[in-house]
Amino acid sequence: MPQKVRGVVAHKKGEPVSVETIIVPDPGPGEAVVTVQACGVCHTDLHYREGGINDEFPFLLGHEAAGIVEAVGEGVTDVAPGDYVILNWRAVCGTCRACRRGEPWYCFNTHNAAQKMTLESSQELTPALGIGAFVEKTLVHAGQCTKVNPAAKPEAAGLLGCGVMAGIGAAINTGGVGRGDSIAVIGCGGVGDAAIAGAKLAGATTIIAIDMDDRKLEWAREFGATHTVNAKQQDVVEAVRALTDGNGANVVVDAVGRPETFKQAFYARDLAGTAVLVGVPTPDMTIDLPLIDVFGRGGATKSSWYGDCLPSRDFPMLIDQFLLGRLPLDKFVSETIPLDGVEAAFEKMHKGEVLRSVVLF
């Protein structure tokens, strides 16, 4: 039977969110109902509320979540009731051209639940990133559920569902950071600090954190930064070169996503180094680079979607590293909040006062 639960809904562009009664249907073929235990407050949720993703209001917000599978629909074999899972928004199809060529992290046909959750009025909701997890129970495609070790507390584990995975993956998967490498990370919020933590996990020896806020630079040191650069006080490109024997870093990650920061990333990398864009730009932004520099510097410029992750491969491994004490996922949790604290958490996030507020159910 359909269930009534509480969830956070954005009804109109720019208006405060509200806690509403949500109707969650029984799972159909290929679907699962998950009891949500924790869900992080991500910038993407704020983008949805502000109409920055699309205008398919009302939105059921939330997507960085961990919980327990309650029920599954027909044909589901990878997860079962009682499984502890992290939700992901890249449930790969296995049949598109990217999947067929062995690159499922680029899947062009990812799965979402076929049924819709609704308000009591029967109005259909658009779940954020196909998940909608600021809710006591949510309906997802079973492929969006990735089983991990249940020893990991949900407020930390769930963060792999979006921002932390994006940052770790930008460094390791997209940037290819490895032992002995140097990396510079521009922007030390949650995604940037995750890139720093990922670089440390991968064995990078020079890890340069760049931001305009000294408080954030101190946070970056806690995640493994060996050097910090305040972009208000120093020329970023020259500072990175000075810390890398005049060469530039092997990898530079732009976790801000602005033309000026991407230019810094492009020029702060070593010849034949890699610049990675993981910060999300707005549609109006453009960049102007001399083509001779693009040619002459060699190397690569890459964008990183969700850290180019494959949840079934990456989530269990990273949870194991967390449980071994090698990846400080719990340090990203600035505070835990109730379901009705999401609007206040958006304000704290906007002011840069937290890395992650996490709704704990």
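**Exercise 1. Find the residue in β8 that Phe-59 stands opposite, and place both strands in their sheet.**

Start with the pair itself: Phe-59 stands opposite Thr-126 in β8. Strands here are DSSP runs of E with at least two residues, helices are runs of H or I with at least four, and both are numbered from the N terminus. Before going on, note that this is a predicted model, where local features need pLDDT of at least 70, side-chain atom pairs count only at pLDDT 80 or more, and totals for chains, interfaces and linings use all residues. Residues are numbered from 1 along each chain as its sequence is written, and side-chain values use heavy atoms, leaving out hydrogens and water.

Next, look at the strands. β4 (residues 59–60) and β8 run parallel, joined by two bridges; two strands pair if DSSP finds at least two bridges between them. Now step back to the whole sheet: five strands make it up, open and with mixed pairing, in the order β7-β2-β1-β4-β8. At its edges sit β7 (118–119) and β8 (126–127), each pairing on one side only.

**Exercise 2. Work out which parts of the chain the salt bridge between Lys-137 and Glu-70 ties together.**

First, check the distance. A salt bridge puts a side-chain nitrogen of Lys or Arg within 4 Å of a carboxyl oxygen of Asp or Glu, and in this pair the closest N and O atoms are 2.5 Å apart. Then place the partners: Lys-137 is in strand β9 (residues 137–141) and Glu-70 in strand β5 (residues 64–72), so the bridge ties together parts 67 residues apart in sequence.

Finally, check accessibility, where buried means under 20% relative accessible area, exposed over 50%, and partly exposed in between (1.4 Å probe, protein chains only). Lys-137 is buried at 19%, while Glu-70 is partly exposed at 30%.

**Exercise 3. Asp-308 has no salt bridge: find the nearest side chain of opposite charge, then see what Asp-308 does touch.**

Begin with the location: Asp-308 sits in the loop between β16 (300–303) and α10 (311–323). Asp-308 is buried, and the nearest side chain of opposite charge is Arg-90, 5.1 Å away. (Lys and Arg count as positive, Asp and Glu as negative; His and the chain ends are not counted.)

Now list the contacts, meaning heavy atoms within 4.5 Å. Setting aside neighbours within four places in sequence, Asp-308 touches Trp-105, Tyr-106, Asn-173, Thr-174, Ser-303 and Arg-313.
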